[in-house]
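Hi,

Here is the structure I said I would pass on. Have a look at it first, and my notes follow below.

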Amino acid sequence: MFKDPGDYPAVNALSEHWRTIRAELAALEQRRFMAWPEADIFRGDWTVFPLYKFGRRVDENCELCPVTTAAIEKIPGMITAGFSSLAPGTYIGPHTGYTSEVLRVHLALVGTDGCALRVGSETRSWTPGDVWVFDDTTEHEAWNRGTETRVVLLLDFQVDPKAPSPYPEHVYTY
């Protein structure tokens, strides 16, 4: 289910920087993106540019995106963050996340026509600058039926930022 981003001020503040974040994204070389590691949940071309992987900073990538990094580092309990890119024709099938101790955020940046995300019974289409917060333990799926690549800043943050990370070390290997 979708949450009100206004309940999370540091997350909601991402919308103030979306144009600068999109400019940093545009400056990145496509070769720096890597395939999403869970290949069994999607078909098509889903790639990511990680900034943080389960609490670990990817220094080289963060140096290329200083405004984005500064914005995400202000989010209490932020664990994972990066750019998530869906090429036209890509479909992420229905799936659920690992734990309700974490909420997922999408900051819409590029390409929204023909793209949507369903969380539970609600389906939304992105508008650049939109910030969405949702519980990814609710079944969700996403698709790009458009002609442009869709890119969001995707991040996860802990509901209780003082709690230990709920993710096992082996969740992803990218």
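How many of the 174 residues of the protein chain count as buried? The share is 51%, where buried means under 20% relative accessible area with a 1.4 Å probe, protein chains only.

Before the rest, some housekeeping. This is a predicted model, so to speak with filters: local features need pLDDT of at least 70, side-chain atom pairs count only at pLDDT 80 or more, and totals for chains, interfaces and linings use all residues. Residues are numbered from 1 along each chain as its sequence is written, and side-chain values use heavy atoms, with hydrogens and water left out.

The protein chain has four helices and 13 strands (DSSP runs numbered from the N terminus: H or I of at least four residues, E of at least two). Five of the strands form an open sheet in the order β3-β7-β12-β9-β10, with antiparallel pairing; a pair needs at least two DSSP bridges. At the edges sit β3 (42–43) and β10 (122–124). Two bridges link β3 to β7 (residues 91–95), and Arg-43 stands opposite Tyr-91 there.

Now the inside. The largest nonpolar core (buried Ala, Val, Leu, Ile, Met, Phe, Trp, Tyr and Cys joined through side-chain atoms within 4.5 Å) has 28 residues. Leu-155 is among those with the most contacts inside this core. Beyond its neighbours within four places in sequence, Leu-155 is in contact (heavy atoms within 4.5 Å) with residues including Leu-14, Ile-72 and Val-105. A second, separate core has 18 residues, among them Ile-41 and Ile-92.

Cheers

Technical notes: Buried means under 20% relative accessible area, exposed over 50%, partly exposed in between (1.4 Å probe, protein chains only).
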